[in-house]
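Q: Take the model below and justify its labels. Set each value against its cut-off, then conclude.

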Amino acid sequence: MDSVLNVASMFFIIISFAPLLPSSHWLVRVWEFPRLQIAIMQFALLSWHCFNLFSNEEVSVASAILVIGLIISFTYQLIWIIPYTFLYKREVSRVEKSQANDTLSVLSSNVYMPNRDYRKLINHVRNKQPDFLVTLESNEKWQQGISEIESEYPYRKFCPLENLYGMHLYSKIPFEEVSLRFLIEDDVPSIKVKINHRNKEATLYFLHPKPPSPTENTYAKPRDIELTVVGEEIAETSGPIIVAGDLNDVAWSPTTRKFKKISNLLDPREGRGFFNTFHAKYPLVKWPLDHVFHSKHFSLVHIEKLESIGSDHYPLYTELAFTEDNN
């Protein structure tokens with residue numbers, strides 16, 4: 001049993017630091033996602049080691065080294081994920097709905113293209129009444145399946161695709177400008193919208209880059225570049241800004257942190273929780289892939305992971321309030 005313990009300990013130490021390697025291959029970058037799960041396994045292994053240490057009079061050098069390695073790697077994982085727990089300071093202040101003068105709300109939902117449970121998403125839309133609904137992985141069938149909401153959302157931009165990267169945007173607010181863009185890959189769209197809402201201008205970005213995986217992109221570079229390009233564009237854009245969508249990256253990854261730093265946007269989840277939107281069907285595979293970031297011109301009214309719509313992602317609903325300083 002000691003050999004199993006030692007091999008498992010070495011494995012979880014190695015994968016903790018694997019993302020530090022100078023490679024964007026999915027076999028390296030995939031270990032950025034399950035940091036919470038890795039930390040739990042490391043804690044269990046440390047407990048096993050401690051039991052053995054107290055049970056045996058002699059302690060091998062190998063066991064001592066592994067314990068030290070587990071402590072370091074466990075601490076390293078906690079540093080990444082603690083900002084998304086209640087132990088961390090909240091980055092965005094919250095205001096009550098009754099105190100908010102003007103708000104903008106976004107419902108983002110990766111619908112999972114083969115899914116046909118349109119009614120569940122429609123029910124969420126009718127219940128939450130978001131200003132913006134963006135569907136990801138949506139195709140012509142999804143466009144037809146939820147077409148009854150179009151009367152409530154007269155301003156729309158559609159890009160139905162059959163490659164799992166279709167995107168549909170529904171809005172109650174008129175577009176000043178709207179553009180469908182293919183920033184890095186020819187088959188991966190994004191939408192940029194400018195609005196003037198009650199004399200307040202705002203820019204919204206809706207994104208869904210491909211993840212690093214054996215079935216998508218072997219390397220994370222296209223996703224990383226897209227987030228960097230958008231972040232740099234936002235850095236040169238003034239006024240209120242919101243970014244929403246399935247970024248196929250976890251909130252605590254170096255790529256997302258770089259995006260936040262470049263764009264100077266805020267994350268309303270910090271200090272509030274993980275809001276794990278993926279995977280909706282596997283209890284042990286949970287991490288936050290769907291995001292909302294915003295500029296300092298907003299405070300948080302409400303953020304909520306909604307009930308499953310039959311997809312592998314949960315929808316994410318966010319309502320933001322304009323602050324007094326919105327210029």
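Q: What makes Glu233 and Arg181 a salt bridge?
A: The N to O distance between their side chains is 3.1 Å. A salt bridge needs a side-chain nitrogen of Lys or Arg within 4 Å of a carboxyl oxygen of Asp or Glu, so the pair qualifies. Glu233 sits in helix H7 (residues 221-235) and Arg181 in strand E5 (residues 177-181), 52 residues apart, so the pair links distant parts of the chain. Helices (H or I, at least four residues) and strands (E, at least two) are DSSP runs, numbered from the N terminus. This is a predicted model: local features need pLDDT of at least 70, side-chain atom pairs count only at pLDDT 80 or more, and totals for chains, interfaces and linings use all residues. Residues are numbered from 1 along each chain as its sequence is written, and side-chain values use heavy atoms, with hydrogens and water left out.

Q: Why is Arg181 called buried?
A: Its relative accessibility is 16%. Buried means under 20% relative accessible area, exposed over 50%, partly exposed in between (1.4 Å probe, protein chains only), so Arg181 counts as buried.

Q: What links Asp249 to Arg223?
A: A salt bridge, with the closest N and O atoms 3.3 Å apart. Asp249 is in the loop between strand E8 (241-246) and helix H8 (254-263), while Arg223 is in helix H7, 26 residues away. Both Asp249 and Arg223 are buried. They belong to a salt-bridge network with Arg29, Glu32 and Asp224. The total for the model is 20 salt bridges.

Q: Why are Asp117 and Lys120 called partly exposed?
A: Asp117 has a relative accessible area of 27%. Lys120 has a relative accessibility of 38%. Each value falls between the two limits, so the label fits. The two form a salt bridge, their closest N and O atoms being 3.5 Å apart.

Q: Why does Asp131 have no salt bridge?
A: The nearest side chain of opposite charge, Lys172, is 5.8 Å away, so the cut-off is not met. Lys and Arg count as positive and Asp and Glu as negative; His and the chain ends are not counted. Asp131 is buried, in the loop between helix H5 (118-128) and strand E2 (132-136). Its contacts (heavy atoms within 4.5 Å) beyond four places in sequence include Thr103, Tyr170 and Lys172.

Q: Why is the pair of Phe158 and Tyr170 called tilted?
A: Rings of Phe, Tyr and Trp (its six-membered ring) pair if their centres lie within 6.5 Å; planes under 30 degrees apart count as stacked, over 60 as edge-to-face and the rest as tilted. Here the centres are 5.1 Å apart and the planes at 55°, so the pair is tilted. Phe158 lies in strand E3 (residues 155-159) and Tyr170 in strand E4 (residues 167-171), so the pair ties together parts 12 residues apart in sequence. Phe158 is partly exposed at 24%, whereas Tyr170 is buried at 0%. The count of aromatic pairs is 16.

Q: How do you know that Lys305 lies over the face of Tyr314?
A: Lys305 is 4.6 Å from the ring centre. The rule asks for NZ of Lys or CZ of Arg within 6 Å of the ring centre and within 35 degrees of the ring normal. Lys200 also has its charged end over a ring, that of Phe322, 5.8 Å from the centre.
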